[in-house]
Structure formats: C-alpha cells, structure tokens
Amino acid sequence: MPHPFFRPERLFVQKGLTVVAQQFASDNYAGICPEVWDVMQQANEGSVPAYGDDEWTNRASDSFRTLFGTRCEVFFAFNGTAANSLALAALCQSYNSVICSSFAHVETDECGAPEFFSNGSKLLVARTDRAKLYPEDIRALATCRSDIHYPKPKVVTITQPTETGEVYSLEEIRAIADTCRELGLRFHMDGARFANACAALGCSPAEMTWQAGVDVLCFGGTKNGMAVGEAILFFDPALAEGFDYRCKQAGQLASKMRFISAPWIGLLETGAWLRNGRHGNTCASRLAERVKALPGLALMFPTQANAVFLKAPEHVLDGLRKRGWRFYTFIGGGARFMFAWDADHERVAQLAADIEALAA
Ligand SMILES: *Cc1c(COP(=O)(O)O)cnc(C)c1O
C-alpha cells in the first residue's frame, strides 16, 4: 500500500527496463558520467596490452601529472579502502602508527584494512568531537609518548573534504604539513571527494596537495563519476618504491587495466572532474539554504562540499522515509544527504519541499 504522500509521477524516472527514483543517500548511488562512458567505449576498441602496460594507462598517468603540474608517481586501485590502506602501508613499518580523526573513513569504515595491509600499523585516533584534525591534536598524539612500548607515530591522514562535508582551508592544510615536518611525520590525504574540495576552495589540485606539503593523495574516481577506481599519487617518487608489488599482492592490479585507467582521461582531460564536483556542491548548498532555518531543524555541520547533514525531530525523519526518501543517520543521528554529478535539481527541490512540509 503506497503512502498517501507517494507521488510516483514525480518520483520516478524511466531508465531502460528499471524504474528508479533518484536518491541522495550516497554519492555512490550515481551511475557513470557521460565523459567517462565515452572514453570507456573508446578503450573497448581492439586488443590492448594487459596489466597497465598500455597507452590508455600511460595517458591517464600523464593527465594526472599535467593536472597536478608535477612528475608524481600514479597507481590505480579498485576502491578507496584499498587505496588508503596501501598508501598508508607504504608509508609505515608495522611498528609505526597513523594519526587520524575519530571520524576518519580509515578508522570507521574500512574494517581494519589499514592495519591489515600494513601488518599492524596502529591508527591513533584523536579523541575530539569534530571531523577535522588540527595541529594540536596531532602534536598531542605524536608527543605523548616516545618510549619503546608505544607504536611510533609516522603518518598523519586527513580526509578532504571530511566525512562531515567540511573542507580544510589551504592554511589549515599547510599548518598540518608544518606540524608533520616538525615532528618527522608523513602526510596522507584521503581525497575520496577530492574534486568537491577543489571546487569548494576554487584552488588548483597542486595548491591543495604537494604545494601545501601533502606527500600522498588518494584521489577518488568512483564518487566523481566513474564506475570503479581510485588513483594513488605519490608526490615524492621515492615513497612509491615497490608500490606496484604492493598493489599486485593486495589483489589491486587490474589485468585489463585500461578499464580503470582510461576513465580518468574522461574525467581529467574534459574537466568533468571539476564540473561534477561543483555540481554536487551546488545541489548541497541549495538544499541547505532552503532547510537550514526551518523550525526545529538545524544543519549539523557547515555545508561546504556535497553533503548536507540535517538534525531533525524523529517525526520529520520518519515522514521523509514514508515519502520514499532514503538516507543514512550513522553520523550523530541526523539525516545525511549526498549529491553526485547526476543530482537532478528538480529532485533536490522536491526533497527540500518535503522537508519544509514535514517541518511546518
Ligand atoms: C567513499 C569513501 C572512501 C572509499 O570507500 P570505498 O567504498 O572503499 O571505495 C574513502 N574515504 C572516504 C572519506 C569515503 O567517503
């Protein structure tokens, strides 16, 4: 029995044989963007050498070097968990530790993979109630012990934008990098939504990474419009030694590599990476603007990228579910809405209207 507020004519769009309503529960609900699809189709022509020894993979790596304006080492993995875990493992010995926020994906959503792939490097979690990590958090964790019984701090990892949709400013990133240099720590960035952060700050990828002192970046392709795939960029080539073997051993070397490398050409060379990021951010800020001042409602975090976290009374959340909306509440009990490259402005407006109606 459909709920009386269910309005199928507005909720559904026809796509092939399946009828689907666009949801904003995760940016991973989105499909493949046209620019990526187009290059994948081109890469599907003919017979091409395997395991990354091909022109598509060379060109994708060069696209990264052009975009970042530096000769970085580039590797491709299937997903973000592998990219983060292997990058951290490359920076650590098993007796080292990695400093992160308590909100960090590596801590809360990777099933211990960073520890597993590093053979035991421990995550040292900053016990704060915010997603951003600050120099004082790092200093506290890195200097509280220096004896043989404590896992020796070696790396700092931050998520840009954070899991709560906040963006570190360039000044904040540089301050973390300065702290890392001073304490002898390496600096890793989880950029699962890197494009959204670049769009939000209006800065270049170089400014946000190697020019600010980041050593290794995991650049998210999946949430940016690809089917699968993340890139790992080492700005100091010496740190990438043996990383190809690490990827292979972890089951992350694609035999038909061109299908996870070529899609990057579609994102990077056409500018789609930034357009997609900007679009997601625009949709998030439109929703946030409409709902932030409604009675009984509040944004849990400033909306700076493509996420909106909404604190709302249970009857509003329940009402949204009954109207067919899907969302997660795993961070602080509020509703999380994520906007990808394909977010439909009308559907965003519909969500806003439903929230307004329920809050009234
Ligand atoms: C999505 C995401 C990842 C990657 O997750 P996978 O499911 O392993 O691809 C990594 N970090 C953050 C912050 C994410 O949101």
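**Close-up views of a predicted model**

**View 1. Surroundings of F219 in the predicted model.** Apart from neighbours within four places in sequence, F219 is in contact with F64, L67, F68, G191, F194, N224, E230, A231, W264, L268 and W273. F219 also belongs to the largest nonpolar core, which has 57 residues. Within this core, F64, F219 and W264 touch the most other members. Helix α12, spanning residues 258-268, gives the most to this core, contributing 6 residues.

**View 2. A second nonpolar core.** Separate from the core just described is another of 26 residues. Its members include L287, L294, V316 and V348. In soluble globular proteins, nonpolar side chains tend to be buried together.

**View 3. The shell of residues around the ligand.** The ligand is surrounded by N79, G80, T81, N84, H105, E110, T159, E163, D190, A192, R193 and K223. Sorted by class, this shell holds 6 polar, 5 charged and 1 nonpolar residues. Helix α4, made up of residues 80-91, supplies the largest share of the shell, namely 3 residues.

**View 4. Polar atoms beside the ligand.** Which residue places a polar side-chain atom 2.5 Å from an oxygen atom of the ligand? That residue is K223. At G80, a backbone N or O atom lies 2.9 Å from an oxygen atom of the ligand. In the side chain of H105, an N or O atom is 3.4 Å from a nitrogen atom of the ligand. On its own, the ligand has 390 Å² of accessible area, of which the protein covers 83%.

Note on methods. Residues numbered from 1 in each chain as written. Predicted model: local features only at pLDDT ≥ 70, side-chain atom pairs only at ≥ 80, totals over all residues. Heavy atoms only, no water. Near = heavy atom within 4 Å. Polar contact = N/O pair within 3.5 Å; in protein donor to acceptor, adjacent residues only side chain to side chain. Areas by Shrake-Rupley, 256 points an atom, 1.4 Å probe, with all protein chains shown as cover. Helix = DSSP H or I, 4+ residues; strand = E, 2+ residues; numbered from the N terminus. Nonpolar A, V, L, I, M, F, W, Y, C, P; charged D, E, K, R; others polar. Core = buried A, V, L, I, M, F, W, Y, C linked by side-chain atoms within 4.5 Å. Buried < 20%, exposed > 50% of the residue type's maximum accessible area, 1.4 Å probe, protein only. Contact = heavy atoms within 4.5 Å.
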